[in-house]
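Here is a friendly walk through the sheet, the helices packed on it, and the empty spaces in between. Keep the viewer open as you read.

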Amino acid sequence: MSAANSEKYIKSIAVFCASSEGNDEFIYQQSYKLGKSLAEKNIDVIYGGSKLGLMGQVAKGALENDGIVFGVIPDFLKRKEIVHTGLTELITTKDMHERKLKIHEISDGFIMLPGGFGTFEEFFEILTWAQLGLHQKPIGLLNCEGYYNDLLSMMNTMMTKGLLNPENMELLVVSDEIEDLIKKMHEFEPLEKPKWMTEEQT
């Protein structure tokens, strides 16, 4: 599972999403559909390891279509009623921080589905790492039914107020269609690493 930026080398994608089911049937179905689509494209799914909610549907969609699914879960969440026991591999970490580092390490790209605080936290950390030049992997946002319209509007406000460099918005790939989002991620061209980063820091 090596990191790269073309279709030839995107072999694994981490999915950030809710561990709750929510109350929107379309979003629930899209979660399954994303897992299915990745499996059909021979792209491994990396996710948080839960059998519950949208997370569980992503895993189910991939596994039911002969996909490979890696779960990464911290030890304190590894309980029988939460953890998915039918994955290709379950990786246990000592804490949440180590979990995020491991997901970053074994993923060639990232997709955010609808979710809550935890989903946002994972997404913004990986997006910030890209902004800092710590990785050059594609980051996709699946905007199901306009779920993230307000977030995208907030980002535009940040640019308008001069607090977000417009160039950094190019780090984010956005679509409301699964196939289109994956296609855009395959075509993603990373920005050059920030000039302030020395060779010793890269």
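In this predicted model, 7 strands form an open sheet with parallel pairing, in the order E4-E3-E2-E1-E5-E6-E7. Strand E4 (89-93) and strand E7 (172-175) are the edge strands, each pairing on one side only. From one strand to the next, the twist averages 25°.

For a closer look at one pairing, go to strand E2 (residues 44-47) and strand E3 (residues 69-74): they run parallel and are joined by 3 bridges. Here Ile46 stands opposite Phe70 in E3.

Now for the helices on the sheet. Helix H2 (residues 53-63) lies across strand E1 (12-16), E2 and E3, and its direction makes an angle of about 160° with E2. Helix H4 (residues 117-131) lies across E1, strand E5 (109-112), strand E6 (139-142) and E7. Relative to E6, helix H4 runs at about 145°.

Which residues lie nearest the centre of the largest pocket? They are Cys17, Ser19, Met55, Leu77 and Arg99, out of 23 lining residues. The elements that give two or more residues to this pocket lining are E1, helix H3 (96-106) and H4.

The model also holds 1 cavity of 30 Å³ or more. Its lining is made up of Phe16, Lys100, Ile103, His104, Glu122, Glu125, Ile126 and Trp129. H3 and H4 are the elements that give two or more residues to the lining of the largest cavity.

The table sets out the two spaces by volume, lining classes and main contributor.

| Item | Largest pocket | Largest cavity |
|---|---|---|
| Volume | about 370 Å³ | about 50 Å³ |
| Nonpolar lining residues | 12 residues | 4 residues |
| Polar lining residues | 8 residues | 1 residue |
| Charged lining residues | 3 residues | 3 residues |
| Largest share of the lining | H4, 4 residues | H4, 4 residues |

Helix H4 is thus a good place to rest your eye. It lies across E1, E5, E6 and E7, gives the largest share of the pocket lining with 4 residues, and gives the largest share of the cavity lining with 4 residues. Helix H3 also gives two or more residues to the lining of the largest pocket and two or more to that of the largest cavity. Strand E1, crossed by H2 and by H4, gives two or more residues to the pocket lining.

Technical notes:
Residues numbered from 1 in each chain as written. Predicted model: local features only at pLDDT ≥ 70, side-chain atom pairs only at ≥ 80, totals over all residues. Heavy atoms only, no water. Pairing = 2+ DSSP bridges. Axes fitted to C-alpha atoms, helices over the stretch in contact; angles between N-to-C directions. Contact = heavy atoms within 4.5 Å. 1 Å grid on protein atoms, 1.4 Å probe; cavity = no way out; pocket = protein on both sides within 12 Å on 5 of 7 lines; lining within 4 Å. Points joined across faces, edges and corners; volume = space filled by probe spheres on them. Nonpolar A, V, L, I, M, F, W, Y, C, P; charged D, E, K, R; others polar.
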